[in-house]
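Let's take a walk through this protein, starting from one charged side chain and working outwards. Have the structure open as you read.

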Amino acid sequence: MPAHGPPLGVRLDALERHRASEVEVRLASARQIEAEAAEVGDSVSMMRARLVVGDMLQRLGRVADAARVVVGVNVWATANGPPSLLARSHLVVSSLMENAGDTSGALDHAVRAIDLLDDDTPPRTRGNYLLRLADTLAINGSTHESRERYDEAEALFVELDDRERRLNVLNNRAMLEYEAGNTDEALEAAERMYATSTRDELNPACADSVARARLAAGHLDAAEHAARLGFELQREQGDVQAVTPAELGLTLTEILIAQGRLDEAREELDRCLAVCQERELRGVAVDALRVRSELHAARGAYREAYHAARDYHREWVSLRSQQQEAAARTRQALYETAEARRQADRFRRLARTDPLTALPNRRMVNEDLPRRLREAAAAGVRLVGVLVDIDHFKAVNDTYSHQAGDEVLRELGAMLAGVVDESTPWELAARLGGEEFLLVLVQDAPGTAHARVDALRREVAEHGWPGLPADARVTMSAGIAVATPEDDQTSLLSRADMHLYRAKSAGRDRVTGDLPA
């Protein structure tokens, strides 16, 4: 049974808002909500929860598993909506693409996510999407454009007084500039982040970014202060990310080397490597070999520096190969999941399409017509159901061949499809089987649907049919039932069938039905 507590939507809002903390807890919560939503038939909440599951799996390093979950949600949302879910799925796919090393794909999905936002999108949500777009522009080398998006996101969060998210923007901005080698810009963003945040608002990763920017600018004492603050925050707040203590240790080591405090640097580097080994942080461990080479060189131990540099290069190549293989597995998982969904959708369409006329078949009608009737009644739209039957079709087959009969069915199917107004979501043309077809039309005013069907009847009677002699004549009869709010598929089509029988009995080549409403 579903757990008692806040509504599913409220709980999902909380999970989506705080994505980076307590990942294991959030993963378990999302799976619980997914199960509850499935039990009550809430497909949208189920997919929202599943998207959080995929996001958390990605943060735990299970990227291939995350890809299968997230792409599945993205495909479902593409077909079923709502736009807010589709936009969020593109946001998470963008992160997956970045992890897979596909920077252009990451940018593409970030842009798709932004494009789905509208005037009703909450400013906080818009700010999050702008932040993601800025990050993907940064990794694609579009530094100027990424700065503009960071500025837009920061302005939104300042207006909302959302200090946590403003901190995220400034942190990401500082690291963009640092990694691009823009020392002054990195320092400006880092110092603004530091100056506008209280100690309680800062986290260890932000302190590391400040320390890195100050180190690059040569402000060594201030850089050391920020790095040691990061350690204090890590002890107070616990681990938000497993990698942060090792990154702080490496930053502090480089600061101590720059200050000439080489013995302290060696001790700090040993602690950093111990954390890397304990937590299996190979990426930071490889970078630590580079710093070890620099430490040996600073001590004048050039042979040891050479060996450490050689070890660093060997491990870097190995790590790069491992990362490329992992990225390839992620891309393959993304591709296979998307391709499997496309194939499933293709088979679903084939199972619901008449192969001769390419119109929807009876299975599709049985699945779709009840929904159309309900939604049209709720919207105050009057529909009519029209059963169309070719007169004396057996004679066509017997006289001219089944191949000629198939041509007549194909041609009539195209004519019925031409009657349907594709600009409205309500109208439909389908083949129910044999020579029997269905039209679902909107009746804008009394008698309009009858007039459209009778015009079709005249067109059929005057049509020249491929595969038949020029003087061969094919006609149709039709029965029309005007839907009432109480009608379901069975009652509507039963009444249309009764009228079709009357048309046949009255001599065929005619349209009969309910009196215009």
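Start with R68, which is partly exposed at a relative accessible area of 42%. Keep in mind that this is a predicted model. D65 is partly exposed too, with 33%. The two form a salt bridge, and their closest N and O atoms sit 3.4 Å apart. Both belong to helix 4 (residues 63-80), where a spacing of three residues puts about one helical turn between them.

You'll find a similar arrangement in helix 16 (residues 302-351), where R314 and D311 are also three residues apart, about one turn of the helix. Their side chains meet in a salt bridge at 3.1 Å, N to O. R314 counts as partly exposed at 45% relative accessibility, and D311 is partly exposed at 26%.

Now for a pair that isn't a helix turn apart. R473 makes a salt bridge with D509, with 3.2 Å between the closest N and O atoms. This one links distant parts of the chain, 36 residues apart: R473 is in the loop between helix 20 (448-462) and strand 4 (476-482), while D509 is in the loop between helix 21 (489-505) and strand 5 (511-513). R473 is exposed at 57%, whereas D509 is buried at 19%, since buried means under 20% relative accessible area.

Salt bridges can also join up: R212, E254, D287, R290 and E294 are linked in a network. The whole structure has 52 salt bridges.

Zooming out, the chain has 21 helices and five strands. Its radius of gyration is 33 Å, where a compact globule of 517 residues would have one near 24 Å.

How values were computed. Residues are numbered from 1 along each chain as its sequence is written. This is a predicted model: local features need pLDDT of at least 70, side-chain atom pairs count only at pLDDT 80 or more; totals for chains, interfaces and linings use all residues. Side-chain values use heavy atoms; hydrogens and water are left out. Helices (H or I, at least four residues) and strands (E, at least two) are DSSP runs, numbered from the N terminus. The radius of gyration is taken over C-alpha atoms; the globule rule is 2.2 Å times the number of residues to the power 0.38. A salt bridge is a side-chain nitrogen of Lys or Arg within 4 Å of a carboxyl oxygen of Asp or Glu. Buried means under 20% relative accessible area, exposed over 50%, partly exposed in between (1.4 Å probe, protein chains only).
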